[in-house]
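I opened this entry to record what I looked up in the model, beginning with its nonpolar core and then turning to the sheet.

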Amino acid sequence: ADVRAAPEGSILLLHACAHNPTGVDPSHEQWERIAAVCAERRMIPFFDCAYQGFATGDLEADAFAVRMFAERGLPVMAAQSFSKNCGLYSQRIGNLT
């Protein structure tokens, strides 16, 4: 689907890394294009960061998209779960920023 077809001001749900269910992440160039559309359409990107560290094995590298959107001055929401990446499977620990 074309993200540009969403109403202006929409909240756009994105997986920050380790896309579920495909495991395929956008390239840095693709993230730049997605950010440009969000800025153009005044969308609010809402990142699901449940698998940070799983895609590349590097927590910093897997945070690329969220940081890049924030550096562009876009309003960013991020939900982060620590159940999987901290081995707390029976616990529901996370944050929303």
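I first looked up the largest nonpolar core and found that it has 15 residues. The residues with the most contacts inside this core are Leu 14, Trp 31, Cys 38, Phe 47, Cys 49 and Phe 69. I note that the model is a predicted one.

I then asked which elements give two or more residues to this core. They are E1, H1 and helix H3, which spans residues 64-71. H3 supplies the largest share, 4 residues. As general background, nonpolar side chains tend to be buried together in soluble globular proteins.

I next took Cys 38, listed above among the core residues with the most contacts, and looked up its partners. Leaving aside neighbours within four places in sequence, I found Cys 38 in contact with Leu 12, Met 43, Pro 45, Phe 69 and Leu 74.

I turned to the sheet and asked in what order its strands lie. The 4 strands form an open sheet in the order E1-E2-E3-E4, with mixed pairing. Strand E1 (11-15) and strand E4 (94-96) are the edge strands, and each pairs on one side only. From one strand to the next, the twist averages 15°.

Within the sheet I examined strand E2 (residues 44-48) and strand E3 (residues 77-81), which pair in the parallel sense over 3 bridges. Phe 47 stands opposite Ala 78 in E3; Phe 47 is also one of the residues with the most contacts inside the core.

Finally, I looked up where helix H1 (residues 28-40) is placed. Helix H1 lies across E1 and E2 and runs at about 165° to E1.

How values were computed
Residues numbered from 1 in each chain as written. Predicted model: local features only at pLDDT ≥ 70, side-chain atom pairs only at ≥ 80, totals over all residues. Heavy atoms only, no water. Pairing = 2+ DSSP bridges. Axes fitted to C-alpha atoms, helices over the stretch in contact; angles between N-to-C directions. Contact = heavy atoms within 4.5 Å. Core = buried A, V, L, I, M, F, W, Y, C linked by side-chain atoms within 4.5 Å. Buried < 20%, exposed > 50% of the residue type's maximum accessible area, 1.4 Å probe, protein only.
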